[in-house]
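Open the structure in your viewer, switch to a cartoon view and keep the sequence panel at hand. We will go from stop to stop, with a selection to make at each one.

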Amino acid sequence: MKLEATVDDLMDTLRADLERLAAIPSIAFPGYPAAPVREAHDLLVELLRGAGVPTVERLDLPDTAPVIYGEIPPPTPDAPTVLLYGHYDVQPPGDESLWKSPPFEPTPIDEAGSGLRARGIADDKSNVIAHLGMLRAYGGRPPVGIKIVIEGQEEYGSAFDDYPPTDPERFACDAMVVADLGNLRPGTPTLTTALRGASEVVVEVRTLDEPRHSGEFGGAAPDALLVLLKALATLHDVHGDVAVEGLRREDWSGTSYTEDEFRSLAGVRDGVPLVGSGSLGERLWSGPAITVIGLDAPSVEHAASAVVPYARAKLNLRFHPRQDPKEAQGKLVDHLRSLTPFGVHLTVTPGDTGPGYEAATGGPAYRAARAALKEAWGEDASFVATGGSIPLVNGLAKAAPGAEVLLFGAQDSMCNLHAPNERVLFSELRNTVVAMAAFVREYAADFGGSGSGSDAAGERRA
């Protein structure tokens, strides 16, 4: 039986398992009940054991939902080991009135039944199910060794990000598939090869002991909010490009969105231009971005006719994958500290910072992945980057520094992750299972393992 036919036979069961998992509101955020998180954990342990994983353990880390860890030993001494990553926790649903159906009732997205809508069904439960599908395609005996890690608190942040380097033997592998991303657009096989780094900086201004009447004092008394706004205005040039010196920016040569796709995804209103110059890939992935993500100042609703004595802003910096995080943050801090708007000094406080990641793409795992994605989708894979950060990638890479890191999965950029009406397409889930199964086959063959041959999965199940 061909590999694709094997996966097609599995799809009804995989869909049912995805519906069970997506119906669990496993939100690992403060203030939400812990019981659904444990329920999702227990269901996945059951499904992994049913898929033939002989060793399934629970990792308990401080202030962190339990991490599932499983192992299947390599079938032969010369077979490689592949680590599979996903997470079973989800974002909160947000304003439920914006959903077309209850967020934890998996619902068909159309009459054709082309996919399902639910919170977390794309990010990241479909990708966890894709891992299970690959294991089932081989009857629990894939042609490579397997280590599987399914995290329970990725969305909020957890101790797991920094844990792998402290236990390198557990996470040692030859390649890893981080299934927490997906295709640029449905039907376009995509490998994400770079992640921008992220940093936060707080800038604040205090000019007066307390508010003063704007009629009596305005015009000479220094307004803290005006000082802050003048400082923030120096962060970008007239085109909207970041104007902080020393932040790395390069041309982007990979695949990118069209402008129409990006405008639709970002919800940019008609008549409003995009900011910045250069290609979208350069603006989004290989260049810096600075966003004001918070502002402390009097609200319009409660505004008084007074000179503002204090104002504060929180900035989010995204920077080139190869730029040192401390260096990038330092460039922004130095820029702000050099300013004295209207002669007023700013207080600048560096916050958290995390590195980006850029994968090496010339090894056997990438050769196998490119072949596998082409087999699944029928066309060559595109290389893209992402402006978002996935801190655990760096932790896993430090634990297994020689391993190739692959980022792909069943979600796509148009799936509304973290937004109302999140959805996954069954075509993307099915092709991801095919790609993962083909990947381990091709990778084992490249290593001289026992799993080569295009019908390996079907033969194992027959």
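This tour goes through a predicted model, starting with packed helices and moving on to a sheet, a loop and a few backbone details.

**Stop 1: helices 1 and 2**

Select residues 3-22, which are helix 1, and bring up helix 2 alongside; their axes come within 10 Å and cross at roughly 160 degrees. An angle over 145 degrees counts as roughly antiparallel, and helix 1 and helix 2 are therefore roughly antiparallel to each other. Their crossing is right-handed. Now show side chains: helix 1 brings Asp17, Arg20 and Leu21 to the contact, while helix 2 brings Ala40, Leu43, Leu44, Glu46 and Leu47. Sorted by class, the contact of helix 1 with helix 2 holds five nonpolar, no polar and three charged residues.

**Stop 2: from helix 2 to helix 3**

Keep helix 2 (residues 35-50) on screen and add helix 3: the two pack at an angle of about 20 degrees, with 10 Å between their axes. Helix 2 and helix 3 are therefore roughly parallel to each other. Helix 2 passes helix 3 in a left-handed crossing. To see the contact, pick Leu44, Leu47 and Leu48 in helix 2, then Val128, Leu132, Leu135 and Arg136 in helix 3. Six of the residues in this contact of helix 2 with helix 3 are nonpolar, none is polar and one is charged. Leu44 and Leu47 may look familiar, since they are also among the residues of helix 2 that touch helix 1.

**Stop 3: from helix 3 to helix 12**

Next, select residues 121-137 (helix 3) together with residues 426-446 (helix 12). Their axes come within 8 Å and cross at roughly 50 degrees. Helix 3 and helix 12 are therefore oblique to each other, and their crossing is right-handed. On the helix 3 side, highlight Ser126, Ile129, Ala130, His131, Gly133, Met134 and Ala137; on the helix 12 side, highlight Leu429, Thr432, Val433, Met436, Ala437 and Val440. The contact of helix 3 with helix 12 comprises nine nonpolar and four polar residues, with no charged ones.

Before you leave helix 3, zoom in on the backbone at Asp124, which lies in this helix. The peptide bond leading from Asp123 to Asp124 is cis, with omega near 15 degrees.

**Stop 4: the sheet beside helix 3**

Which order do the strands of the open sheet take? Colour them one by one: six strands run in the order 1-2-6-3-7-18, with mixed pairing. At the edges are strand 1 (55-59) and strand 18 (404-407), each pairing on one side only. From one strand to the next, the twist averages 15 degrees.

Within the sheet, select strand 2 (residues 67-72) and strand 6 (residues 145-151), an antiparallel pair joined over five bridges. Gly70 stands opposite Ile148 in strand 6. Helix 3 packs on this sheet and touches strand 2, strand 3 (81-87), strand 6 and strand 7 (175-178); the direction of helix 3 makes about 150 degrees with that of strand 3.

**Stop 5: the loop between strands 19 and 20**

Move to the loop between strand 19 (411-412) and strand 20 (423-425), and select Cys415 there. Is Cys415 buried or exposed? At 0% relative accessibility, Cys415 counts as buried. Apart from its neighbours within four places in sequence, Cys415 is in contact with Ala122, Asn421, Glu422 and Arg423. For scale, draw a distance from Cys415 to Asp380: they are 35 residues apart in sequence and 22 Å apart in space, C-alpha to C-alpha.

Two other residues of this loop deserve a click. His418, in the loop between strand 19 and strand 20, has a positive phi near 65 degrees and is not a glycine. Its 44% relative accessibility is why His418 counts as partly exposed. Asn421, found in the loop between strand 19 and strand 20, has a positive phi of about 65 degrees, although Asn421 is not a glycine. Asn421 counts as buried because its relative accessibility is 14%.

**Stop 6: helix 7**

Finish at helix 7 (residues 259-266), where Glu261, Phe262 and Arg263 are buried. Show helix 8 (280-284) as well, since it is included in what covers the buried residues of helix 7. Just after helix 7 comes Gly267, with a positive phi of about 70 degrees.

Methods:
Residues numbered from 1 in each chain as written. Predicted model: local features only at pLDDT ≥ 70, side-chain atom pairs only at ≥ 80, totals over all residues. Heavy atoms only, no water. Axes fitted to C-alpha atoms, helices over the stretch in contact; angles between N-to-C directions. Helix = DSSP H or I, 4+ residues; strand = E, 2+ residues; numbered from the N terminus. Parallel < 35°, antiparallel > 145°, perpendicular 65-115°, else oblique. Left-handed = near helix turned anticlockwise from the far one by under 90°. Contact = heavy atoms within 4.5 Å. Nonpolar A, V, L, I, M, F, W, Y, C, P; charged D, E, K, R; others polar. Pairing = 2+ DSSP bridges. Buried < 20%, exposed > 50% of the residue type's maximum accessible area, 1.4 Å probe, protein only.
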